[in-house]
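Biologist: Before I plan anything at the bench, I would like to go through this model with you, starting with its metal sites and then turning to its helices and backbone. Could you take my questions one at a time and show how you reach each reply?

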Amino acid sequence: MCTILLTVLLSLATNTLLAQRSHGGYYPAEKIQNLRQNTHNHPWVLERKDKAVEKASYWLGISDEDLWTMVPGQDLPRCIDVTFDRLTDGPKSLGCLKCGEEIKKHGNYPYNPDFVNQPWKLTCPSCGEVFPKNDFGRYYLSALDEKGLFNPAKGDRTLLYNEEHPDPDDPLHLYGVDDGYGFIDQNGREHRFIGYYTWKYWMHINEGLEALADAFLFTGEKKYAHKAAILLDRIADVYPDMDWKPYADRGWYHSDGGTHLGKIEGSIWETTTVQKFASSYDKILSGTLDAPELYDFLKRQSKKYVLPTEKGSRALFLDNVDHNILKTGFEAVLNGQIRGNQGMHQLTVAKSALALNTEPYTSQWLDWIFDAQGGALPGLMINQLDRDGTSDEGAPSYSLMWGRLVTELARLLADYPGYTQHNIFEDYPQFKATFLAAYRMTALGKAIPNIGDSGATGLVSSSLVDPEFMALGYRYTRDPEIAIAAYRANGGSAEALGRDPFSADPERIEKEIEEIASGVGPRPLKGYLMSGFGLALLETGNQVNGTALVSNYGRTIKHAHPDMLNFDLFAFGQWLTPDHGYPEFATRWPSNAEWTGTTLSHNTVLVNRLPQKEIWNGKSRIFKQLEGFGMFQLDGREAYPEMEEYSRTMFLITEDDSSLAGQQNDYVVDLFSVIGGQDHTYSFHGPPGNLTTTHLTLTSQGEGTYAGKNIPKGAWAKDFPIGYSHLYNVRIDQTPPSTFTLDWHVDPEYRNTKYEDLHLRFHSLNQINELVLAEGDPPQNKPGNPKKLTYALLHRRVQHLQSTFVTLIEPYLQTPFIKSIDQISMPGSDAMMLKVNKKNGSTDYLLFHPEGEEMLWPNGISLNGQVGFLRKKADQVTQAILINGTSLSYKGRSLASGKPIKGTVLEMNKELKGGGWIIVDQNLPLDGSLLDQQIFIESSSDRDASYTIKTIEQTERGSKLFFGPITFVNGFLGEEVIIRNTRVPKDYSSGYRYDFEEGASFSIPNHSIWLPSTKTHH
Ligand SMILES: [Zn+2]
Ligand SMILES: [Zn+2]
């Protein structure tokens, strides 16, 4: 940003223009009138009003003078940890002065001061001891100077003694005494009771301000605005001098991200502190009109004390807050004293700009948010937000955060009629997807996969799905898909969704959602590919009993684990191959860095005993979710860039046997192909519980860990592979047979499973060199996590290896439903067939041929294509599926299909807006057979260029395919710079980067199904 613009932004001269406004920009007269009107005819609004009034009553009872005096200045020390010392060589933090480490089980911020009944005291939640021991309140008053502020040089130090031991000769006379800079113990360490108290005290004041402002909004009674204004004017007096750095430099701790920068708080949390000041100010502006008592009071204070600004009129009050809170806050954003996660400081500027509510200033400030050198929002939105509405982080919880923050900003701007330069809801097509992102990640509508630093081991939760957030998305987009999803996520109801007490029709959204979605029924169980985030989800069954298979392949960066192509299986209400989820500590801690956060603890393959590279580059090749049969093939080669092949093909197959009476019998087939390297290790683990094996001869290693008999559990890797020291109780079979099974009997205590006799059976169908079974512990400090999990490592070791690990995974209740499995291979070909014989007498044939050429199998099955599936009952073919091929025949039943479609992209939409469309050099069928199917476009970018086909039209050049309201743009070209700690485009003038380029080849895998009831369909 040029310096001229900066000067303009910050040159709010004392001017009459600003003083003219009667209202704030976010709370204009009309909204406030609506709110007050709504309290009369909507009980839920009245309820909110009563709560607001109740919350403000304490603050209303404080005299003007006392309220004014409550606001401390820069010289009252503050920090967020009583003992944490960034400079010490000793332990970074100590416990309670009395009970020591005991207090640590009460979390990171264990003290909750009672400001009303025990001012200036902290009570240890563990031992109940109260600190500091002196009457700090008296000392504080003795130290108030001519400015009305705490000045340590003025304090009466004779008041600094332990009140329980007033005798100066008493050895405890000075014990636990804090003058603001902490009690110094016998080791010279500080215990900063007052510092911690003051941190929370500022939050308390801000809450009081908010409570008063809310009560004014609801009631219109000026007494609330009067009190709030006194706090705001006083805060404005002190705010310019507030600076966290002197305390940070002493080694004290706050949320400054290590920069030592901040104002009242560290730079990260200061973003919300100022947002609250600005919003409260916005709310009460109209309550400061015709308020002579308020200005008289402030004038009187200015006579008693030496104050930085003149007092006595509304113009002077506004001038003080505008300059010394809003503008000072903006300056602090510019100089880094206010800087949070992306989205947070932009929101601080937006709320301040709206409170200013005066043009041209408000628009200038808001423009800054979009400036490449300012808030850099366009660069962040386009480079980091993918088409699924998730940010570039690998863990669901983190990747969903950005959308929520930006929504706050987006609605603020959309609600402010004065600003029309940008509308975030409309300007960024991928933003809409944010409202559906968590919902779409949820397997069976029940469980978000615990990927990366998200969730916990086997945690079944959909808590990241927030119907209210989705309703908000609907309110600003009026997208019926979001309305339907919100309705479903709200338990099949629109009740209380999207209520807006500031609207003339506060229940309008609720009514609209009801109208759109009533009768839609529950979310259908059918999987889909989230190719933006990189999640393949297959589903089968019904709402009560369902099975889901998820594999993450998008990115393994930022709060992710290096777990490319990892999968988890959800069946019988549980994750049965559970990821660890959130680590014990998300720092350099052995169980995180070398176990939870490394490749070996995941259901994937290690090459050359090394962890994967962390990337955002996974691609999908095929995705098909058909009735009772789903499959995907994913390519994760960049995780091991030197490999020729690193891909996983998985199938989720359903047994549709009515005699099973609703109990699902679904199984998974996994084909993991690796070419290159000399050591391939397929790692697999089941749920917690007893493991039994067949056909194995296991020898116990005895002591130590898999890293060695002398290597203790958890030792940092040194001369042995990462992760090996976290596996213990090691049993090895040096000559495992080509087929064996492992059967986990799920611990009934696991995540409140409903079943006593739930199992997971793993069928290995491989020539391997060694099988290792061992125990490994998931994070031990998370409620509900199992104590341990049993891992199986399948090793193959040869020079220039070509491996396809073939396994079948069978979750079942009580008795297995699979009798036996035969693997049939064809000499000289990498095609293979699995013959799955089931106890109910039916047999499944699954054929997989990577090259997809014609092949006649010895048992008479003929497949010309990549995937064939046949089910046979009583010598009759009862089901046939052909994927990516032209024919499949067996026993007189044959299935034919046109060729899989391949071609070239001739033209694409290169704009941000207008939706995702391409024109291809082929004439595609217009009969609807390709709708909702995936197209896979060749891409040399990091993004997976796979899209769901929504419509097809014929044009003169070829077929035009439309993929919905997405964009192929995934970044700006040109130079990048670091701004506020993030790499962003230097400017927006060099054009866009795309998911793929014109001229790229594409494929649309075809399929054909035959069922007796439905006949052949495509
Ligand atoms: Zn204690
Ligand atoms: Zn993980």
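Biologist: Which residues coordinate the zinc ion (ligand 2)?

Modeller: This is a predicted model, and in it the donor atoms of the zinc ion (ligand 2) lie at 2.1 to 2.5 Å. In sequence the donor residues follow the spacing H-x17-D-x22-H, and Asp579 appears twice among the donors, each time through OD. The coordinating residues are therefore, with the angles of 54 to 176° still to be judged, His561 (ND1), Asp579 (OD, OD) and His602 (NE2).

Biologist: What arrangement do the 4 donor atoms around the zinc ion (ligand 2) make?

Modeller: Four donors count as tetrahedral if all angles lie between 85 and 135 degrees. Around the zinc ion (ligand 2) the 4 donor atoms subtend angles of 54 to 176°, which makes the arrangement irregular.

Biologist: How many residues apart in sequence are the parts that His561 and Asp579 tie together?

Modeller: His561 sits in the loop between strand S7 (546–552) and strand S8 (566–571). Asp579, for its part, belongs to the loop between strand S9 (574–575) and helix H22 (590–596), so the pair ties together parts whose separation in sequence is 18 residues.

Biologist: Which arrangement do the 4 donor atoms make around the zinc ion (ligand 1)?

Modeller: The zinc ion (ligand 1) is coordinated at 2.3 Å by the SG atoms of Cys96, Cys99, Cys124 and Cys127, and these donor residues are spaced C-x2-C-x24-C-x2-C in sequence. Cys96 lies in the loop between helix H5 (64–70) and strand S1 (122–123), and Cys124 in the loop between S1 and strand S2 (130–131), so this pair ties together parts that are 28 residues apart in sequence. For four tetrahedral donors the ideal angle at a metal is 109.5 degrees. The 4 donor atoms here subtend angles of 105 to 114°, and the arrangement is therefore tetrahedral.

Biologist: Are helices H8 and H12 oblique or perpendicular to each other?

Modeller: The axes of H8 (residues 222–238) and H12 (residues 314–334) come within 8 Å and cross at roughly 50°, in a crossing that is left-handed. Ala229, Leu232, Asp233, Ile235, Ala236 and Asp237 of H8 make the contact with Phe317, Asn320, Val321, Asn324 and Ile325 of H12, and by class these are 7 nonpolar, 2 polar and 2 charged residues. From the crossing angle it follows that H8 and H12 are oblique.

Biologist: How are helices H3 and H4 oriented to each other?

Modeller: Helix H3 (residues 29–41) packs on helix H4 (residues 43–60) with the axes 6 Å apart and at an angle of about 110°, and H3 passes H4 in a left-handed crossing. On the H3 side the contact involves Leu35, Asn38, Thr39 and Asn41, which meet Pro43, Val45, Leu46 and Lys49 in H4; by class the contact has 4 nonpolar, 3 polar and 1 charged residues. Angles of 65 to 115 degrees count as roughly perpendicular. H3 and H4 are therefore roughly perpendicular.

Biologist: How many charged residues are in the contact of H16 with H19?

Modeller: The axes of helix H16 (residues 396–415) and helix H19 (residues 467–477) come within 11 Å and cross at roughly 35°. Gly403, Arg404, Thr407, Arg411, Ala414 and Asp415 in H16 meet Phe469, Leu472, Arg475 and Tyr476 in H19. Divided by class, the contact has 4 nonpolar and 2 polar residues, and the number of charged residues is 4.

Biologist: Which residue is joined to Pro132 by a cis peptide bond?

Modeller: Most peptide bonds are trans. Pro132 lies in the loop between S2 and helix H6 (136–142), and the cis bond to Pro132, with omega about -5°, comes from Phe131.

Note on methods: Residues numbered from 1 in each chain as written. Chains lettered and ligands numbered in written order. Predicted model: local features only at pLDDT ≥ 70, side-chain atom pairs only at ≥ 80, totals over all residues. Heavy atoms only, no water. Axes fitted to C-alpha atoms, helices over the stretch in contact; angles between N-to-C directions. Helix = DSSP H or I, 4+ residues; strand = E, 2+ residues; numbered from the N terminus. Parallel < 35°, antiparallel > 145°, perpendicular 65-115°, else oblique. Left-handed = near helix turned anticlockwise from the far one by under 90°. Contact = heavy atoms within 4.5 Å. Nonpolar A, V, L, I, M, F, W, Y, C, P; charged D, E, K, R; others polar. Donors = N, O, S within 2.8 Å, 3.2 Å for Na, K, Ca; no water. Tetrahedral: all angles 85-135°; square planar, octahedral: opposite > 155°, others 65-115°.
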